[in-house]
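Reader: I am new to this structure and should like to understand the grounds for the terms applied to it. May I put some questions?

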Amino acid sequence: MKTKYLITLLATIGFTAAAQSPNIDTVTLGWTANTESDLGGYKLYATQNTNLWTHVKSVGLVTNTTLLLPAQGTWYFILTATNTGGLESLSSDTVSYTTPVSPAKPTLLRIISATATRVSTITTATNLILLP
């Protein structure tokens with residue numbers, strides 16, 4: 001006798017889900033180009049606390065850049081210009097961006113139902129005639 005078991009769980013199987021899936025937040029900032037002939041580039045400062053500018057990125061002579069934000073929350077940005085002699089201008093006005101808030105994580109994940117089906121197959125041999 002052969003027995004086959006078919007178990008169906010009411011859950012999706014076949015993908016791997018991380019325990020916590022981080023969000024990836026980016027912001028693109030743009031500005032008007034300076035016109036000095038000795039313009040060396042720009043420095044972009046970013047922080048979540050305007051008393052301590054924790055992130056600095058030299059962006060060269062472009063007039064926009066995209067930043068990957070390392071954490072959620074409100075971010076503040078200022079920009080300075082540098083000249084070819086290495087001098088830095090006063091900062092631009094401060095602009096801010098607040099990342100979207102993630103929804104709360106679901107709680108109490110559980111299996112509500114499971115179904116088990118057993119199929120039995122019996123093979124019998126009757127009235128066999130053997131031919132020479």
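Reader: What makes a set of residues here the largest nonpolar core, and which have the most contacts inside it?

Author: In this predicted model, the largest nonpolar core comprises 14 residues. Those with the most contacts inside it are L29, W31, Y42, L44, L67 and F77. The term requires buried residues of nonpolar kinds, joined through side-chain atoms within 4.5 Å. At least two residues of this core come from each of β2 (25-30), β3 (39-47), β5 (64-69) and β6 (74-83).

Reader: Why are W31 and Y42 called an edge-to-face aromatic pair?

Author: Two values decide the matter. Ring centres must lie within 6.5 Å, and planes over 60 degrees apart count as edge-to-face. For W31 and Y42, the centres are 5.5 Å apart and the angle between the planes is 65°, so both conditions of the definition are met. The structure holds one aromatic pair. Because W31 lies in the loop between β2 and β3 and Y42 in strand β3, the pair ties together parts that are 11 residues apart in sequence.

Reader: Are W31 and Y42 buried or exposed?

Author: W31 is buried, and Y42 is buried as well. Of the 132 residues of the chain, 17% count as buried.

Reader: What makes the contact of K43 and E88 a salt bridge?

Author: The cut-off is 4 Å between a side-chain nitrogen of Lys or Arg and a carboxyl oxygen of Asp or Glu. The N to O value for K43 and E88 is 3.9 Å, so the pair qualifies under that definition. The structure holds one salt bridge. K43 belongs to strand β3 and E88 to the loop between β6 and β7 (95-98), so the pair ties together parts that are 45 residues apart in sequence.

Reader: Why do K43 and E88 count as partly exposed?

Author: Partly exposed covers the range between the buried limit, under 20%, and the exposed limit, over 50%. K43 has 26% relative accessibility and therefore counts as partly exposed. E88, at 37%, is therefore partly exposed too.

Reader: How do you know that β3 and β6 are paired, and how many bridges join them?

Author: Pairing requires at least two bridges between strands. Eight bridges join β3 to β6, and the two run antiparallel, so they count as paired under that definition. One residue of β3 already discussed, K43, has T80 as its bridge partner in β6.

Reader: Which strands are the edge strands of the open sheet, and why are they so called?

Author: The open sheet has four strands in the order β4-β3-β6-β7, with antiparallel pairing. Its edge strands are β4 (55-60) and β7, each of which pairs on one side only. On average, neighbouring strands of this sheet are turned by 25° against each other, direction ignored. The chain as a whole has zero helices and eight strands.

Reader: Why is T84 called exposed, and which residues does it touch?

Author: Exposed means over 50%. T84 has 63% relative accessibility and therefore counts as exposed. T84 is located in the loop between β6 and β7. Leaving aside residues up to four places away in sequence, T84 touches D38, L39 and G40. The C-alpha atoms of T84 and G40 are separated by 4.5 Å, although these residues are 44 residues apart along the chain.

Reader: What share of the contacts in the chain joins residues 24 or more positions apart?

Author: Such residues account for 62% of the contacts in the chain with a separation of 6 or more.

Key. Residues are numbered from 1 along each chain as its sequence is written. This is a predicted model: local features need pLDDT of at least 70, side-chain atom pairs count only at pLDDT 80 or more; totals for chains, interfaces and linings use all residues. Side-chain values use heavy atoms; hydrogens and water are left out. Buried means under 20% relative accessible area, exposed over 50%, partly exposed in between (1.4 Å probe, protein chains only). Rings of Phe, Tyr and Trp (its six-membered ring) pair if their centres lie within 6.5 Å; planes under 30 degrees apart count as stacked, over 60 as edge-to-face and the rest as tilted. Axes are lines fitted to C-alpha atoms, for helices over the stretch in contact, and angles run from 0 to 180 degrees between N-to-C directions. Contact means heavy atoms within 4.5 Å.
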